[in-house]
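I opened the file to look up a few residues and then the fold as a whole. My entries follow in the order in which I made them.

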Amino acid sequence: MFTYDFPYLTAIIALPLIGAIAIPFIPDKYGKNTRNYALAIALLNLALIVYSISQSYTIGASEFQMQETYEWLPQIGLNWSLAIDGISMPLIVLSGLISTLSILASWKVDNKPKLYYFLLLLLYSAQIGVFAAQDLLLFFIMWELELVPVYILISIWGGKKRLYAATKFILYTALASIFILVSGLALAFYSDTFTLNIAELGLKNYPLTLEVLAYTGFLIAFGVKLPIFPFHTWLPDAHSEASAPVSMVLAGVLLKMGGYGLIRFNMEILPDAHIKFAPLLIILGVVNIVYGAFTAFGQTNLKRRLASSSISHMGFVLVGIASFTDLGMNGAMLQMLSHGLIAAALFYLSGVAYERTHTLMMDEMGGMAKLMPKTFALFTTASMASLALPGMSGFVSELSIFLGIAQSDAYSSTFKVVVTVLAGVGLILTPIYLLSMLRVVFYGKKENALQLPRFGVDANPREVFITVCLILPIIGIGLYPKLITSTYDVDTVQVASKVRASLPVIVENHVTAIKVAEVDLSTMPQIER
C-alpha cells in the first residue's frame, strides 16, 4: 500500500519513462517538436520533484520518508519499494536539475532526434530510480537500466572513437554491477529471514567473514562507477568521446551513484567490515587525488583533462566517508553535490568551445578570450569553483573533509599527517593544471587553421542560462553552506555514529579472541607448547 495519498516518488520515476515511450508517436520531421516535448517533460518532472519534496518531505528528520511499497513479483520477493532520506533527496534534486539542463543543452541535435531524446528521458527516470529504490532487486534493475542509454548515446552521438569508448564503458560498468546482485543476494539469504528490503538488510547481524566478502563485492561495483583507481580508465575515454550533454549527466549524476552506493550499502549495512576497509579507502582516495591531478597535467585534450580532474575530486569522497567523523561525512556528501554542479558546468562549456572550434585539443584553440568573453568568464568561474576557491562550494566540501580526517581519533597521528600532506599536494596541483588550461585555451597562441567568425561566436543566451543555472547554486552553497547541508546532516551524522559504534565492538571481539587463545594455550601440556 502507498503511505501517501499520492505516490510522488512513483510519479517522478514514471513521468520521464512514460514521456519517453510516447516520443515515437509524435509527428515530427526535423526534430523540433520532439525537442520541445522532451524539454517540457523534463521541466514538468523537475517541478514535480520540487513540489513533492516541499509538500511531503520534512527536512531534519532522520527516518525514510515518502515511503511507497507495492507488491510487484511476490514469487521472487521483488517489491516496488521507494523512499528517500537526507542522503538520497539532494541527489534526486541534482539529477532532476542536470538532466533537464542536459536536454536544453541538446538543442542542436538533429541526428536521430527521437531516439536521442527517448534515451535522455529514459536515463532521467533510471537515475531517480537508483536513488529512491528501497528494494535490492529494484535498485539493481534501475542501476542496469541507466547503463543502456549511456552506451547508446556515446556509441551513436559520440566522437571518432565512440564505439571503443562506449564498449569500454559498458564492459567495465556492466560486469562490475554483477557484484551488486551477488553480494546483495548473499546478505538477503543469510539467516532464516529472507528479505530484499535495503533497510531490513541493515538490521541483520552478519558474521564478519560474510560482511568482508559482501563489502568487497559492493566496493568493486561502486568503485568502478565512482571511479576508484585502478578501475577508472573507462572515464577519460567516455568523456572525451561523449557529447557535452551526455558528459554533463555522466559527470554530474552517474559518478555520484558510486558514492551513494558506498554510503547506503557499504557503510549502513556493513559497518563492521567498513571499519576494516576504511584505511584502504583513504589510501585509494589519496591515490585518486594525487594520480588524477598528475594525470591531468599530461592531457592536451580539454575533456580528458577535465575527466582526470573528476577522478581527483572524487577521491575526496572516499577520504570523507572513511574518516569516521560527522564533519568528514558531511564533507563527502557535499563534495558529491558540489562536484556534480561544477563538473556539469565545465563539461558543458567545453562543448560550447567545441561547437565553435571543432576541436578539443587545447593547443589548437588559443586566443579565444577576446572573441568569446562571456564563455571565458563562465569557464573561469567554473574553474575557480573546481580549484576550491573560497566562496565556492568546492572550498567548503574539501575543507570539511580535511578537518574531518584531521579530527578523527580512529587513526594514528602519523597516518593522518601523511594523508593530509598527500591530499594537500592534490590541492596544490589542481589550480596549476586548471589555470594552465585557461591560459592555453583562451590566451595561448592562436592557430592559423582555427577560423572563428568575428561576430556571433560567443555564448548565446541559452548557453549562458544553462551555465548560470549551475553556477548560482555553486556560489550560493559556497557563501551559505547550510543551504544544502541542513538537508542531509542528520542522516550523515547518524551513519557516521553507526559506524563509530562498531569500533569498540570489533576491538572487544579481538581482545576476547586473544584471551581465549591464551587460556587454551595455558591449559596445554608443556610438551605441546
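**Entry 1: Ser323 and its loop.** I began with the contacts of Ser323 in this predicted model. Beyond four places in sequence, Ser323 is in contact with Gly328, Met329, Gly404, Ile405, Ser408 and Tyr411. I placed Ser323 in the loop between H13 and H14. Is Ser323 buried or exposed? Its relative accessibility is 0%, so Ser323 counts as buried, the cut-off for buried being under 20%. The side chain of Ser323 also makes a polar contact of 3.0 Å with the side chain of Thr325.

I then looked up Phe324, which sits in the loop between helix H13 (302–321) and H14. Phe324 is not a glycine, yet its phi is positive, at about 65 degrees. I read a relative accessibility of 6% for Phe324, so it counts as buried.

**Entry 2: another positive phi.** I looked up Met66, a residue other than glycine with a positive phi, near 55 degrees. Met66 belongs to strand S1 (residues 65–73). With 2% relative accessibility, Met66 counts as buried.

**Entry 3: the loop between H9 and H10.** I checked omega at two prolines here. Which peptide bond has omega near -5 degrees? The bond from Leu226 to Pro227 does, and it is cis. Pro227 is in the loop between helix H9 (208–225) and helix H10 (234–241). The bond from Phe229 to Pro230 is cis as well, with omega near 10 degrees, and Pro230 is also placed in the loop between H9 and H10.

I asked what Asn288 touches, leaving out residues up to four places away in sequence. The list I got is Pro227, Ile228, Phe229, Ala293, Ile311, Ser312 and Gly315. Pro227 and Phe229 thus appear among the contacts of Asn288, and each takes part in one of the cis bonds, Pro227 in the bond from Leu226 and Phe229 in the bond to Pro230. Asn288 itself is in helix H12 (residues 271–297). Its relative accessibility is 0%, and Asn288 therefore counts as buried.

**Entry 4: H10 against H11.** I followed the chain on to the packing of H10. The axes of H10 and helix H11 (residues 244–267) come within 9 Å of each other and cross at roughly 145 degrees. On the H10 side the contact is made by Trp234, Leu235, Ala238 and His239; on the H11 side it is made by Ser247, Leu250, Ala251 and Leu255. Sorted by class, I have six nonpolar residues, two polar ones and no charged ones in the contact of H10 with H11.

**Entry 5: the nonpolar core.** Which members of the largest nonpolar core touch the most other members? I noted Phe139, Leu187, Met248, Leu270, Ile321 and Met437, out of 175 residues in this core. Helix H14 (residues 326–357) supplies the largest share of the core, 17 residues.

I took Leu187 from that set and listed its contacts beyond four places in sequence. Leu187 touches Leu201, Lys204, Tyr206, Leu210, Ala214, Phe218, Ile269 and Leu270. Leu270 is thus a contact of Leu187 and is itself named with Leu187 among the core residues that touch the most other members.

**Entry 6: Ile76.** I looked up Ile76 in the loop between S1 and strand S2 (78–84). Its relative accessible area is 46%, so Ile76 is partly exposed; the class partly exposed ends at 50%. Apart from neighbours within four places in sequence, Ile76 is in contact with Leu137, Phe194 and Leu196. Ile76 and Leu137 are 61 residues apart along the chain, and I read 9.6 Å between their C-alpha atoms.

**Entry 7: the whole chain.** I finished with the totals. The protein chain has 20 helices and two strands. How many of its 529 residues are buried, as a percentage? Buried residues make up 58%. Of the contacts with a separation of 6 or more, 80% join residues 24 or more positions apart.

I compared the radius of gyration with the globule rule. For 529 residues a compact globule would have a value near 24 Å, and the protein chain has 24 Å, so the two agree. Along the principal axes, the C-alpha atoms fill a box of roughly 95 × 55 × 40 Å.

Conventions. Residues numbered from 1 in each chain as written. Predicted model: local features only at pLDDT ≥ 70, side-chain atom pairs only at ≥ 80, totals over all residues. Heavy atoms only, no water. Core = buried A, V, L, I, M, F, W, Y, C linked by side-chain atoms within 4.5 Å. Buried < 20%, exposed > 50% of the residue type's maximum accessible area, 1.4 Å probe, protein only. Helix = DSSP H or I, 4+ residues; strand = E, 2+ residues; numbered from the N terminus. Contact = heavy atoms within 4.5 Å. Axes fitted to C-alpha atoms, helices over the stretch in contact; angles between N-to-C directions. Nonpolar A, V, L, I, M, F, W, Y, C, P; charged D, E, K, R; others polar. Polar contact = N/O pair within 3.5 Å; in protein donor to acceptor, adjacent residues only side chain to side chain. Rg over C-alpha atoms; globule rule 2.2 N^0.38 Å.
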